[in-house]
Structures are given as structure tokens and as C-alpha cells.
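Q: Please take a close look at one single part of this model. I would like to know how it is covered and what stands beside it, and then how it fits into the whole.

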Amino acid sequence: MVSNSESGRLTPVNSRGQGQSRRRFLQAAGALAATGAVPGPSWALAQVDDGFLELTARPAPKRLYENTGLPSDLWTYNGTAPGPEIRVKHRERVRVRLINELPEATSIHWHGIRIDNAMDGVAGLTQDPVPPGEVFEYDFEVPDAGTFWYHAHTKSWNQVGRGLYGALIVEENTPPTGREQDLVLVVDDWRLTRDGRLDTESFGSLHDWSHGGRLGNWLTVNGRTNPDFRLQAGEIYRLRIINAANARILAIDPKRIGGDLIAYDGQPLAVPRPFDWEVELMGPGQRFDLILRPEAESDLALVELSGNQPLTFARFPVEQGGAIKAPDVRLPKPNPFAAPDLGAARVFELDMTGGAMGRMGQILHKGEVLDRDGMRRTGQVWAFNGHAGNLEAPLFQAHLGETVVIRTRNLTRWPHAMHAHGHHFRILQDGALGEWRDTFLIAPEEQVEIAFQAENPGKWLFHCHMLEHAAGGMTSWFEVLRA
Ligand SMILES: [Cu+2]
């Protein structure tokens, strides 16, 4: 078992003391730095004659810790983690044939896509899980341009934690940068054992479920440790950062990267804002799009601050470039959304309870009030409005076109990252509506209100995207009725 997982330090697997481990981490990073930014496998390579991309979910070995380390037993799409980058033009169709060669059932969720409900990939709510040896076809249009991702949505805490995810990029018709300057960074923290392999024994640990989720001790970008992305001075780059970790809130040091934030969770901001807050927090599942205009001599890096020491996890060496590009980039336009009508909104309350060190309150699960043994037996340790993992009944029903406000109160001792399916929403602050997003962070004792217009019929999950919390009770859904 690894140490310090609870405190969130990205402690290297070596246990010979922090200084030693730190040096070893840096050495490992140095050894990999020369590999450069090799683009990952792409949609075009895996597309078959009928226009479908075949994604085969299957186990595959991959080295995570140092290039001489022992290979880990990952679960992958087409043998890689992240899986192939799916990149389409705005309003194109995505056609994916999922072939399940895993030892258990699976399904794929298309995170952030305002999708047809039947294609949302939530096993047990919008489709049956796809058993081993079976096939399921996903076929949907992408209504919004932006940075999205896909991941397993059956036992996600296990399947995403083993590597079943990838980027889903929907290109604007007139993107702000060239294809070469459009860099996708899928970030994940893995929990490795002392011999550098994925720790598979600890999946399902009740300790993780009742605390901060499964936190890893090894950070990768596109499956690689501290990779280099070579930039040219004078060029304009777009970084698409995707937090694919099970539970880690990435704390990024903006001083080391800078630039302008142009989109949250795939949705362009009305006005870009400088990436310069003291620390930029990014919940699991979230995406940031950053525009960088590197200058020669700059030393850009992505640095993570949630551990006990700053940790560089991607570097951007800047080479002398050609002519300086004009400062005005053609920024993506906001996607069309139905505006929430706050005057006519219906307000729904959601109280989060449970977890370690908090007020447990009463937890009802499948009609049973759980005592401590019941919690241990079922793994249900969190609740929304007193119910754990309630798939039997919706949190609420709304009619198409109705404005919904969800007032979430975090009565636990832990932060959470709440995610809505099928819809994006705006955070309400002092009566004003914030930017569009699909996931929000909520601190202990905090209350957050979100508003959106119910615009997509069907059954939509509303859950914590810390995947152990979702599995441990923090899962609910709402229904949008047609009439
Ligand atoms: Cu949570």
C-alpha cells in the first residue's frame, strides 16, 4: 500500500524518505523529457468502413512508473490509456462501436455532451450494461464545440481508475489556432505500489470511499510522466486540460503557465479571463481551455500544488520562433443555450451528508436504514437528502423549458465535484449567473446554487464526480419530461 494517500500528496512510490523520493521522481521525469510531444492515437486510425470507430475495451499492459518500471495491468480502449482521441467537427456525428473484452460489463459516457438520453451511457439508468463479449453502438450528434471527454460509466471507480477514458474534441468551424498548436492534455493520478505497478488491490477500499476518494501517487499527462510540449515563441497555442483523475482536485499554479482561460468544461467564456488566480482548482471531470502566447526565454510548466511540495507535471520549452502572431485570436463563440428564467425557476434542495468525520445522519439505501454494519456491507456511506445511491426515484422532475435551480448544501467534511448529465448550468452568485459549466466544486459547509433550463428530455444523472463518492452513495438523477 502507498503512504500518504489521504493527505493528497503525490508521494512517489519509493519509500526511502521524501527527499530521496523527490529526486527519484525528478530523475524519472528527466529521463522521459526527451520523448517530446507525440500525438496520441486518433479517431481516423481506428475508424472502420461503415464510419464507426471501434473502441475495444480490453486489458493491456503499460508502464506508468519510469520507462524501465514494471508494466501495470490497465484496462484500455484499443490498448492505450488514454484511449484514442476522438476529434470531430461541430455538429458532426460520433459513431462508436464499443466492443467489450473486459472481464466485466461496461458502458461509455460522453462527458459534457448534451446528448440523446439513450446514448448517455449510464448503466442502469439510460442503457443496460454491455456484458463481456458483447457490443454496443453509440451514435449521436455533438451540439456544442469544445473540449469534452469520454469514460466508462459502469463501476467507474474501478474502470476509470484502470484507464478507461479518452479525449473527445469537438472543433469549432473556425478554431482559434492551427491543429499543430492545439494541445490536448489528459491528466490522471495513478496509485502505484512500491514496485511501480498500478495498485489494483486497493480498488473498492472503504477508507477511500468514505474519505477523499481514491487519490493516486503518480501523475501523468497522456499516460506519460512530465512530458515536454515544445512551443515556438510568437505562436498562439490552445491547451485543453482534462482532469481524468478519480478523485483528485488538481490545484494548478497559474504563475508557471499564465495565458487566458477561454473555456470551462468545454463551454467558451463570454469574456476570457487571465489565468492568474492564486491557485486554479480543477475538479475531477473538469476541463480548462487555455490560450498561451509564449515568449522566447519563458519557462512555462504545469505545476500541481495539492501535494506537500509543488510538482511539475508538464513542461513547455519555448524555442525561438518566427513572426509574432497578431494578438487578436478568433476566440470560440459561446454555444447556444436556452437562458435560465430565474423569475420562474423551481428550486430543489440537495443536502449532502455522510462520509468520515462528518454528521452521518440517517442513510436510507434500497428501503433499509443503514447502521454501521450496513454501511460496511453495502459501501453506502454518503447520502443526498438522506438517500444513498438512489436510482429508484428521481431527485426531481422538470418539464421541458422549465428553469431549475438546485441548491446544494455540503454538510460533510469533504469537498465534492458535482456533475450534471445532459445539461450545462450556471452558478448563481449574489443573484448573478456565472459561466456555463457541467461540474462544480463545493467545499465543506458551503452552499452552491446552480441554474439551468431543462432542455433535454430524459433521465439525467446528478452525482459527485469523485468516483468513489458516487459509488458510495452520492448518486441521484432528475428527469426532464417532454410535455
Ligand atoms: Cu464527492
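A: A residue is called buried under 20% relative accessible area, exposed over 50% and partly exposed in between, with a 1.4 Å probe and only protein chains considered. Strands are DSSP runs of E with at least two residues, helices are runs of H or I with at least four, and both are numbered from the N terminus. The model is predicted, so local features need pLDDT of at least 70 and side-chain atom pairs count only at pLDDT 80 or more, whereas totals for chains, interfaces and linings use all residues. Residues are numbered from 1 along each chain as its sequence is written, and side-chain values use heavy atoms, without hydrogens or water.

The part chosen here is strand β12, residues 237-243, which is mostly covered: seven of its seven residues are buried. Tyr237, Leu239, Ile241 and Asn243 point one way from β12. Arg238, Arg240 and Ile242 point the other way, and these residues are buried as well.

β12 has a partner in strand β9, residues 182-190; the two run parallel and are joined by six bridges. Within this pairing, Val186 is found opposite Ile242 of β12. Six bridges also join β12 to strand β17, residues 287-292, and here the strands run antiparallel. Leu239 has Leu290 of β17 as its bridge partner. Two strands are said to pair if DSSP finds at least two bridges between them.

The wider setting of β12 is a protein with six helices and 32 strands. Of its 483 residues, 59% are buried. Leu305 offers a contrast to the buried residues of β12: its relative accessible area is 31%, so it is partly exposed. Leu305 belongs to the loop between β18 (299-304) and β19 (311-319).

Elsewhere, a copper ion is coordinated at 2.0 to 2.1 Å by ND1 of His416, SG of Cys464 and ND1 of His469. Its donor residues follow the spacing H-x47-C-x4-H in sequence. His416 in strand β26 (residues 416-420) and His469 in helix α6 (residues 467-471) are 53 residues apart, and this pair links distant parts of the chain. His416 and His469 are both buried. Donors are N, O and S atoms within 2.8 Å of the metal (3.2 Å for Na, K and Ca), and sites may look incomplete because water is not among the atoms.
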